[in-house]
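Work through the exercises below with the sequence and the model open. Each task is followed by a solution in steps.

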Amino acid sequence: MESIFENLYVNRDLQGVLFSSVCSKYSLTRTELLILLVLREDALNTAKDIVDKLKLAKSHVSTSVRDLEERGYIKSRYEGDDHRTIHLQLCESAAEIVKAGREAQNEFISIICDGFSSEERRKLKNYIERMTANANEYLKNK
């Protein structure tokens with residue numbers, strides 16, 4: 001089971017290496033890049049969604065969202081009559097960054113799944129989804 005912890009640490013470091021070139025090129029923090037990548041999923045579009053998905057501090061998300069807005073990569077809006085929740089939306093100016101971020105994510109998957117058959121990749125995806133669901137359920141009850 002120790003290998004699970006080693007895997008978590010090495011994968012975090014690998015993600016950092018792969019994301020660093022994207023972050024440097026566009027003068028972004030890793031948090032800002034992650035937020036842009038989360039916002040490409042239409043269903044996840046509030047600061048709370050980002051905090052919940054990425055397990056980041058609200059203050060870090062708030063600061064990053066403000067910076068991304070000021071740079072014209074995202075915009076905020078209200079939906080309908082609900083003026084309590086601000087919804088975030090990617091701007092066209094973020095498209096190139098999101099594409100580069102997705103390429104880094106795909107490279108990450110390619111590296112860690114090298115030599116895996118499509119069946120092994122499917123099983124791994126299923127196991128990781130279950131592990132994530134277990135961890136999220138535990139954290140929800142804390």
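The exercises go from the whole chain to helix packing, then to salt bridges and single residues.

**Exercise 1. The chain as a whole**

Task: State what kind of model this is, how many helices and strands the chain has, and in what order they come.

Solution.
Step 1. The model is predicted. The mean pLDDT of the chain is 91, and 96% of its residues reach 70 or more.
Step 2. Confidence varies by element: strand S2 (residues 82-90) has the lowest mean pLDDT, 81, and helix H5 (residues 95-112) has the highest, 96.
Step 3. Six helices and two strands make up the secondary structure. Along the sequence they follow the pattern α-α-α-α-β-β-α-α.
Step 4. Along the principal axes, the C-alpha atoms fill a box of roughly 45 × 40 × 25 Å. The chain has 142 residues, of which 27% count as buried.
Step 5. Take the contacts in the chain with a separation of 6 or more: residues 24 or more positions apart account for 53% of them.

**Exercise 2. The surroundings of helix H2**

Task: Decide how far H2 is enclosed by the rest of the structure, and list its buried residues.

Solution.
Step 1. The cut-off for buried is a relative accessible area under 20%.
Step 2. In H2, the buried residues are Thr-31, Glu-32, Leu-33, Leu-34, Ile-35, Leu-36, Leu-37, Val-38 and Leu-39.
Step 3. Nine of the ten residues of H2 are thus buried, so H2 is largely enclosed by the rest of the structure.

**Exercise 3. Two helix partners of H2**

Task: For H4 and for H5, find the angle each makes with H2 and the residues that meet.

Solution.
Step 1. H2 (residues 30-39) and H4 (residues 58-70) pack at an angle of about 75°, and their axes are 9 Å apart. Angles from 65 to 115 degrees count as roughly perpendicular, and H2 and H4 are therefore roughly perpendicular to each other.
Step 2. On the H2 side the contact holds Thr-31, Glu-32, Ile-35 and Leu-36; on the H4 side it holds His-60, Val-61, Ser-64, Val-65, Asp-67 and Leu-68. By class, the contact of H2 with H4 has five nonpolar, three polar and two charged residues.
Step 3. The axes of H2 and H5 cross at roughly 95° and come within 10 Å. H2 and H5 are therefore also roughly perpendicular to each other.
Step 4. Here Leu-33, Leu-36 and Leu-37 in H2 meet Ile-97, Val-98, Gly-101, Arg-102 and Gln-105 in H5. The contact of H2 with H5 divides into five nonpolar residues, two polar and one charged.
Step 5. Leu-36 appears in the contact with H4 and in the contact with H5.

**Exercise 4. Ser-64**

Task: Is Ser-64 buried or exposed, and which residues beyond its sequence neighbours does it contact?

Solution.
Step 1. Ser-64 is found in helix H4.
Step 2. With a relative accessible area of 8%, Ser-64 is buried.
Step 3. Leaving aside neighbours within four places in sequence, Ser-64 is in contact with Thr-29, Thr-31, Glu-32 and Ile-35.

**Exercise 5. Salt bridges within helices**

Task: The structure holds seven salt bridges. For the pairs Asp-52 with Lys-48, Lys-125 with Glu-129 and Lys-140 with Glu-137, give the N to O distance and the spacing along the helix.

Solution.
Step 1. Asp-52 and Lys-48 meet at 2.8 Å, N to O. They are four residues apart in helix H3 (residues 47-54), about one helical turn. Asp-52 is partly exposed at 37%, and Lys-48 is exposed at 57% relative accessibility.
Step 2. For Lys-125 and Glu-129 the closest N and O atoms are 2.7 Å apart. This pair is four residues apart in helix H6 (residues 118-140), again about one helical turn. Glu-129 is partly exposed, at 44% relative accessibility.
Step 3. Lys-140 and Glu-137 meet at 3.3 Å, N to O. Both lie in H6, three residues apart, about one turn of the helix. Lys-140 counts as exposed at 60%, and Glu-137 as partly exposed at 38%.

**Exercise 6. Lys-55**

Task: Where does Lys-55 lie, and how far is it from Asn-136 in sequence and in space?

Solution.
Step 1. Lys-55 lies in the loop between H3 and H4, and is partly exposed at 47% relative accessibility.
Step 2. Lys-55 and Asn-136 are 81 residues apart in sequence, but their C-alpha atoms are 9.7 Å apart in space.
Step 3. Beyond neighbours within four places in sequence, Lys-55 is in contact with Ile-50, Asn-136 and Leu-139.

Conventions. Residues numbered from 1 in each chain as written. Predicted model: local features only at pLDDT ≥ 70, side-chain atom pairs only at ≥ 80, totals over all residues. Heavy atoms only, no water. Axes fitted to C-alpha atoms, helices over the stretch in contact; angles between N-to-C directions. Parallel < 35°, antiparallel > 145°, perpendicular 65-115°, else oblique. Contact = heavy atoms within 4.5 Å. Nonpolar A, V, L, I, M, F, W, Y, C, P; charged D, E, K, R; others polar. Salt bridge = Lys/Arg side-chain N within 4 Å of Asp/Glu carboxyl O. Buried < 20%, exposed > 50% of the residue type's maximum accessible area, 1.4 Å probe, protein only. pLDDT = per-residue confidence, 0-100.
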